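User: Please take a close look at the disulfides of this model, and follow the thread from them to the parts of the chain around them. I would like one connected account rather than a list.

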Amino acid sequence: MLPPQALLPAVVFALSALPALASDTFIAAVYEHAVVLPEPPSEPVSPSHALALMNKNMDVLEGAIKEAAQQGAHIIVTPEDAIYGWQFTRESIYPYLEDIPDPAVDWIPCTDPSRFGPAPVQERLSCMARNNSIYVVANIGDKKPCDSSDPKCPEDGRYQYNTDVVFDTQGKLVARYHKYNLFVVEGQFNYPKEPQAVTFETPFGKFGIFTCFDILFYEPAVVLVSKMQVDTVLFPTAWMNFLPFLTAIEFHSAWAMGMRVNVLAANTHNTSIEMTGSGIYAPAGAKTYFYNMETEDGRLLIAELDAHPRLSPASPPAVSWNSYALSVENFSQNDHEFTGVIFDDPFTFMELTKPEGNLTVCQKDLCCHLRYKMAEKRDDEVYVLGVFDGLHVTEGQYYLQICTLLKCPSTNLSTCGQPVEMAQTKFEMFSLSGTFGTSYVFPEVLYSGVHLAPGEFEVLTDGRLINRNTTSKPVLSVTLFGRWYEKD
């Protein structure tokens, strides 16, 4: 024990050392996992059978976690549904669920596994984190009993939640998040009574967490960034790709840029249902990403990020998304305006009939302006400028405002808006802007072969999305994807 006269210097030293523990950067990892699926998932199995399946997946995840730690990663994110898969009923998923306590209980499952009843999955995840000195983010299922005094209690007497957990470098449970915005096929789960804004502090920044479909809604996604001021979003997902706007890599990277935060997106890999696309994204663009529809291999991604991206010199400035578009008159019109559909949303399109030009197309309150110059105008490829301003209702209801330059699958204009993955036309110049009513706009540029274009475009502070040089690859789409949360 220190003598009294030594206490004050010791305290001063300890306090002065605290900033040294913090880091300006950190190494992040995400793992895209080809899940070993139960067969058939709709049939109930015994707890031991369920655990055997989950251990097969955790064997793979453990290998990725060890490799990430060996490469210096401080944190790794694994996908939604990565431990047991999907397409369950309420009854068939039950053997896969565990009771996950509130992190306030101060629990390390690796060293005290039976404190809250059987928890073999949490124990193993905790030990992965502890044994490798790395933060581990995983998606599992939580179960909570309820009774008739709760008017919302399901008939089977329990709540079941799609749940993200985070274990720190000691294996301690530091975060638990119950998914709030369930996708249409997640009937096996309940959503919590209130949306949760889950954050936790680390020596390398403040983190928030949510799951997959949550990213399209104000709560919790915008709340975490705008109100809770997190530096980095952890994002386990099982994302089915929908060209031209909702492909995982383009939308998640665009969301990081639009919200000016880091995003660690770990996707499930299953090409039969269009699931692929993971990445480590910063406000200035993608650090690394993976998109592969050819094989069923998983992939570990690792990159260095700024711990506090808003304070980084590399962070792009704030954008007034409608400033330029509201300051100019509409560009010249032409007689090639027509209607089409993208993901069941009715778009107004205008064909780019010349190798260069200025176009404006409007729908309701949104007018989209495009200046462009093609490197070459091809007769076998058609591009259009499109606009949508309204309520999207296909797999959920949310308001969108979208301006897009995109390639049509063929020269038949009726195909415009349908998915297309290959193109041959490069652009020497493009400038896209819109009279957005929302400040939540996400800039996307997607190249032929479903490739991102990091470093090849920028958003000006007046809301124009422009290219820096002639596009290095042919263009599939250039989009300003506006999410009008204010109208929900």
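Analyst: In this predicted model, C110 and C127 are joined by a disulfide whose sulfur atoms lie 2.1 Å apart. The torsion about their S-S bond is about 100°, so this disulfide is right-handed. C110 sits in the loop between α3 (90-93) and α4 (120-132), while C127 belongs to helix α4 itself, so the pair ties together parts that are 17 residues apart in sequence. Both ends fall under the 20% limit that defines a buried residue, since C110 has a relative accessible area of 18% and C127 has one of 17%.

This bond is one of five disulfides in the structure. When the bonded cysteines of the protein chain are numbered in sequence order, the pairing reads 1-2, 3-4, 5-6, 7-8, 9-10. A disulfide is a covalent bond between the sulfur atoms of two cysteines.

Further along the chain, C362 is bonded to C367, with an S to S distance of 2.0 Å. The link of C362 and C367 is right-handed, with 110° about the S-S bond. Its two ends are classed differently by exposure: C362 is partly exposed at a relative accessible area of 28%, whereas C367 is buried at 14%.

C368 takes part in another disulfide, with C403, and the sulfur atoms of C368 and C403 are 2.0 Å apart. The torsion about the S-S bond of C368 and C403 is -80°, and their link is left-handed. This pair connects distant parts of the chain, as C368 lies in strand β16 (residues 366-374) and C403 in strand β18 (residues 398-407), 35 residues apart. Both cysteines are buried, C368 with a relative accessible area of 0% and C403 with a relative accessibility of 0%.

The surroundings of this bond can be followed through V387, a residue of strand β17 (residues 383-392). V387 is 16 residues from C403 along the chain, yet the C-alpha atoms of V387 and C403 are separated by 4.8 Å. V387 is itself buried, with a relative accessible area of 0%. Once its neighbours within four places in sequence are set aside, V387 is in contact with P346, F347, T348, V361, C362, Q363, L366, C368 and I402. Two of the bonded cysteines described above therefore appear among the contacts of V387, namely C362 and C368, where contact is taken as heavy atoms within 4.5 Å.

To place these details in the wider fold, the protein chain is divided into domain 1 (25-306) and domain 2 (337-487). The C-alpha centres of domain 1 and domain 2 lie 32 Å apart, and 28 residues of domain 1 are in contact with 30 residues of domain 2. Between them, domain 1 and domain 2 bury about 2500 Å², 75% of it on carbon and sulfur atoms. As for polar links, zero salt bridges are found across the interface of domain 1 and domain 2, and the count of residue pairs in polar contact between the two domains, with both residues at pLDDT 80 or more, is two. On the side of domain 1 that touches domain 2, α5 (218-227), α6 (248-259) and β11 (285-290) each supply at least two residues. The element that gives the most to this side of domain 1 is α6, with nine residues.

Helix α5, which is one of the contributors to that side of domain 1, also holds a run of buried residues, and P220, A221, V222, V223, L224 and V225 are buried there. The cover over the buried residues of α5 includes β5 (173-178), β6 (198-202), β7 (205-209), β8 (232-237) and α6. Helix α6 thus appears twice in this account, as part of the cover over α5 and as the element that gives the most to the side of domain 1 that touches domain 2. After α5 comes Q229, whose phi is positive, near 55°. One more cysteine, C212, is buried as well, with a relative accessible area of 8%.

Note on methods
Residues numbered from 1 in each chain as written. Predicted model: local features only at pLDDT ≥ 70, side-chain atom pairs only at ≥ 80, totals over all residues. Heavy atoms only, no water. Disulfide = S-S within 2.5 Å. Helix = DSSP H or I, 4+ residues; strand = E, 2+ residues; numbered from the N terminus. Buried < 20%, exposed > 50% of the residue type's maximum accessible area, 1.4 Å probe, protein only. Domains from an automatic or database assignment. Buried area = accessible area lost by both parts, 1.4 Å probe. Salt bridge = Lys/Arg side-chain N within 4 Å of Asp/Glu carboxyl O. Polar contact = N/O pair within 3.5 Å; in protein donor to acceptor, adjacent residues only side chain to side chain.
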